[in-house]
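User: I am new to this structure and would like a close look at a single part of it. Please pick one helix, then show me the setting around it.

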Amino acid sequence: MASVGAETLTARPVNNAFEALQGKAAGVDITTSERPGKVGDIRIRGNRSISASNTPLYVVDGVPLMSGSGIETLNPRDIESIDILKDASATAIYGSRGANGVVVVTTKQGKDGKFSLNYSGTLTVSNIVDKRKSMNAGDYIDYVRWAYYNSAPDTYAHPNSPTMENDKGFFDNALDNGTTWGNVSKGWANGTWDASKVSTTDWTDFVTQTSLSHEHTLSASGGTEKMNAYLSFGYLDNSGTQKGQWYKRYSSKASINLKPTKWIQLSASINASWSEQDYGMSTLGAPSSSVSDALYGRAKALTSIAVPYDADGNIVLQPGGRNNTYTIIDEWDKSTQQSQTFRALGNFSATLDFGEMWSPLQGLRYKIAFGPDYRNWREGVFLDETSANRVGNGSYARLQNRRDFSWTLDNMVMFDRTLAEKHKIGVTLLQTASSWNYETSAMAAKYIARPSYLWNAFGTVDLADEKSDASMSSGLTERQLESYMVRLNYGFDERYLLTVSGRWDGASQLSEGNKWDFFPSASLAWRISQEDFMSNTSSWLDNLKLRLGFGVTGNSAVDPYSTLGKIRSILIPFSDGNYTAYTTNEPFYAKESLEMANPELGWEKTTQINLGVDFGFLNNRISGSLDAYWSNTNDLLMQTSIPTLTGFSSTYANIGKTKNRGVELTLNFIPIQTNTGFLWDSNFNVAWQKDEIVELAYGKNDMVANSWFIGESIGVYYGYDKVGLWQDTPEDRAEMELFNKNGHKFEPGFVRPVDQNGDHKIDEKDRVILGNKNPAWTMGWTNTFSWKNIELSLFLIGRMGYMVEANSYGLTGQGSQVEVDYWTPENTGAEFQKPYYNESGGDAFSSLLGYRKASFLKVRNISLGYNFPQTICKRIGLNNLKVYAQAINPGSLYQSIDKYDLDVKSSNFNRSFVFGLEIGF
């Protein structure tokens with residue numbers, strides 16, 4: 001188990017708890033999202049399932065979350081701690097839901113003692129940093145000339161001796177009314193070429209902004225032995241660095257704990273939040289799925305020689321004169337995708353202590369807990385007919401609603417007693433039931449009558465008009481889970497600790513006869529440091545504990561009703577109208593195929609063994625833990641193809657096996673601590689993991705179409721390898737001639753793929769596994785330096801040993817182009833192939849250059865803070881006062897790929913500077 005406390009979670013300002021966890025726990029990999037209101041992905045000890053979910057379970061104040069939101073709706077400043085349960089023995093109490101790990105969130109509660117009031121606030125200034133700038137006008141024109149010349153050297157002038165006639169043919173286009181040529185022709189104003197006369201348009205300047213975000217939390221806490229309470233209000237306003245993107249969240253937390261008598265304790269807690277998000281430029285309803293998913297990407301798709309306005313100041317609709325490429329000027333006013341989410345989490349419990357009622361029952365308690373989770377989500381989308389994604393296709397609007405409601409009811413009987421001062425015995429009996437249902441509705445249409453209607457006037461849509469393409473849908477989905485658990489704990493003299501548990505889970509979405517299964521677990525711990533034979537080490541050894549854990553967890557993460565035979569309704573036209581009919585798969589009336597029901601579908605099971613050691617030396621100046629784990633997953637929940645003569649093309653089944661293993665190290669150490677008050681505190685964690693496919697749908701046979709291979713990781717890149725570029729040498733020309741006889745069109749400067757079997761033909765036989773999509777190593781390192789009231793901290797994160805697909809370019813001389821080192825006869829050592837103009841694509845193997853080995857070590861945060869002395873605080877009536885400044889994403893110590901940020905998986909990221917204030921009254 002890894003634990004992250006409130007001080008660590010709030011050490012740097014974050015929009016959600018996911019960001020605060022990044023790099024803080026070994027074996028927990030969290031990716032970054034730069035879009036306001038959007039969270040990254042989290043994986044605990046890698047992947048186990050191929051098709052089913054690998055997302056961990058989130059538990060807030062004892063309530064497992066089941067709705068469409070996780071912990072991102074919580075205010076991080078309301079969180080007391082986050083515990084991450086990783087091994088099967090630790091997650092066993094949550095049964096099947098803990099198969100992918102458990103993130104246990106404990107929110108703040110009232111504390112006995114004096115009433116306290118606290119305020120914390122931050123102001124964040126952010127800007128986009130782009131590591132892959134577009135070519136300036138002069139470089140872009142040279143690049144286009146090379147593309148045309150390389151495709152037809154007998155037709156076009158050499159780029160070193162350009163002609164105005166060629167350039168006019170390249171850049172003069174009626175689609176932009178000749179505005180691009182008007183800009184390029186300025187370079188020929190004196191009769192000879194002068195690139196400095198051509199204006200460069202940086203289209204990203206039109207769509208970016210300096211983001212000013214602020215966050216405020218006001219909390220109050222206090223109480224007595226019989227009652228305590230906690231109350232907080234929070235507000236977050238995050239404006240994006242791209243125009244049109246923003247996120248706002250209002251949050252509140254209230255909790256009360258009552259102990260009116262010695263034998264009963266009552267607790268109630270509610271977390272509520274209201275959030276609004278604008279996704280920015282929407283791609284929904286776009287005519288092509290290849291459009292950029294953000295406004296910034298759409299801006300970079302425009303060439304630097306194109307101009308935004310013509311000579312009369314009018315917007316150029318198609319700058320650059322290319323088909324399906326439109327201006328992004330004022331796009332944030334033409335396209336929007338807004339969502340609103342209300343979330344309320346509750347936890348209500350009562351605990352009876354029978355030992356306080358009657359002394360012979362000492363240690364016997366009963367607890368009942370009820371946890372509701374309500375979520376209401378609404379999303380409205382509108383794209384004006386002048387939007388870059390809808391030009392010529394009319395406007396588009398969509399409205400979606402989703403309402404989630406889930407609850408969990410726990411009944412627990414607990415018995416704890418110590419016998420003969422050395423024997424600690426604990427027994428827990430649990431019965432729990434959970435239910436979740438969600439309703440959805442959606443409607444969409446094109447050619448909305450007025451832009452001001454947005455998604456609020458679907459009643460004005462003419463449903464009979466075919467071009468409206470109107471649609472509507474609604475649905476209800478329900479599922480339930482019931483469980484019983486027995487857990488036994490035994491400890492002898494605080495040295496030997498044993499825990500054994502058994503849990504029976506029943507999931508409604510699995511088939512009859514397979515809904516229920518049993519999941520056992522056990523753990524053993526030995527505190528070696530407390531043995532008599534270790535007494536002579538007490539001067540330097542503070543803790544040495546050996547742990548061994550075993551457990552089985554299940555995964556039932558398939559959609560409800562997957563085990564039932566689905567049918568769909570269709571409308572059959574007759575002479576007197578349309579009649580409703582029902583069918584399974586009718587290709588003339590349905591676009592998507594239904595799966596065949598599988599009455600034998602059961603649990604996916606993971607068996608895991610964990611071996612660990614905890615240690616502490618030199619008054620715990622050096623402490624930490626080392627864990628190794630091995631897991632095997634059987635009966636994978638997978639979708640598999642079946643013969644279509646059944647009337648279906650696929651079904652879900654329990655087939656296949658995977659295994660996973662890894663090592664995790666956490667170190668906490670104090671390298672320097674002086675009498676003058678200087679302290680250097682360091683926290684380091686690193687993890688290595690490897691997953692592997694053991695069996696698939698057809699036993700030990702690979703499923704090449706899915707890139708699944710026996711003995712390889714679940715996520716791999718599969719394709720052709722490369723060995724650089726072909727060169728204009730006698731040896732390479734001789735090789736190219738042999739390939740070209742077999743239909744290839746290799747030239748000097750093209751990418752050279754690897755011919756694995758030596759037959760001078762690049763085909764399916766030459767495809768190999770190139771690399772793993774998931775990192776083998778993840779790490780986080782925090783260093784904090786404090787002296788008197790000054791505190792400086794440095795936080796680094798890293799991922800190593802994987803592969804990404806990034807930075808490959810067609811170089812076809814069409815569209816925009818970022819700065820690249822491309823091949824020419826004078827630059828044969830270039831990183832990328834030569835430009836080659838071709839309407840259908842240039843070098844057929846250019847994408848191979850995008851597969852690159854990935855590793856990075858990045859400075860995520862630098863913080864400098866000052867805590868005002870208590871003498872000053874008391875003088876002005878405060879308990880504490882702290883001011884601080886931080887730099888977020890200031891730079892990287894190492895990135896294996898140039899012009900790309902491996903952390904955010906993009907060439908651009910946000911760099912921020914934060915100013916914060918904390919006040920305690």
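Analyst: Here is a walk through one helix, followed by the whole chain and two loop residues.

The model is predicted. Take helix H5, residues 164–171. Which of its residues are buried? They are Asn 166, Asp 167, Phe 170 and Phe 171. These four cover an arc of only 110 degrees around the axis, which puts them on the same side of H5. An α-helix has 3.6 residues a turn, so residues three or four places apart point the same way. The other side of H5 looks outward: Glu 165 and Gly 169 are exposed there. What covers the buried residues? The cover includes helix H4, residues 137–151. It also includes helix H6, residues 179–184.

Now step back to the chain. H5 belongs to a protein chain with eleven helices and 37 strands. The chain's radius of gyration is 31 Å, close to the 29 Å that the globule rule gives for 921 residues, so the chain is as compact as a globular protein of that length. Along the principal axes, the C-alpha atoms fill a box of roughly 105 × 85 × 65 Å. Buried residues account for 50% of the 921. Now consider contacts between residues at least 6 apart in sequence: 69% of them join residues at least 24 apart.

The surface comes next. The chain exposes about 42,300 Å², and carbon and sulfur atoms supply 54% of that area. Charges can be placed too. There are 86 positive and 100 negative charges, and their mean positions lie 6 Å apart.

Two loop residues complete the tour. Arg 390 sits in the loop between strand S14 (364–383) and strand S15 (396–419). Is Arg 390 buried or exposed? Its relative accessible area is 3%, so Arg 390 is buried, the cut-off being under 20%. Arg 390 and Ile 888 are 498 residues apart in sequence. In space, their C-alpha atoms are 37 Å apart.

Gly 711 is found in the loop between strand S28 (678–695) and strand S29 (716–719). With a relative accessible area of 29%, Gly 711 is partly exposed. Glu 695 is 16 residues from Gly 711 in sequence and 8.6 Å from it in space, C-alpha to C-alpha. Which residues does Gly 711 contact, leaving aside its neighbours within four places in sequence? They are Glu 692 and Ile 693.

Note on methods. Residues are numbered from 1 along each chain as its sequence is written. This is a predicted model: local features need pLDDT of at least 70, side-chain atom pairs count only at pLDDT 80 or more; totals for chains, interfaces and linings use all residues. Side-chain values use heavy atoms; hydrogens and water are left out. Buried means under 20% relative accessible area, exposed over 50%, partly exposed in between (1.4 Å probe, protein chains only). Helices (H or I, at least four residues) and strands (E, at least two) are DSSP runs, numbered from the N terminus. The arc is that of the directions from the helix axis to the C-beta atoms. Contact means heavy atoms within 4.5 Å. The radius of gyration is taken over C-alpha atoms; the globule rule is 2.2 Å times the number of residues to the power 0.38. Accessible areas come from the Shrake-Rupley method with a 1.4 Å probe; for residues, only the protein chains shown count as cover. Lys and Arg count as positive and Asp and Glu as negative; His and the chain ends are not counted. The place of a charge is taken as NZ of Lys, CZ of Arg, CG of Asp or CD of Glu.
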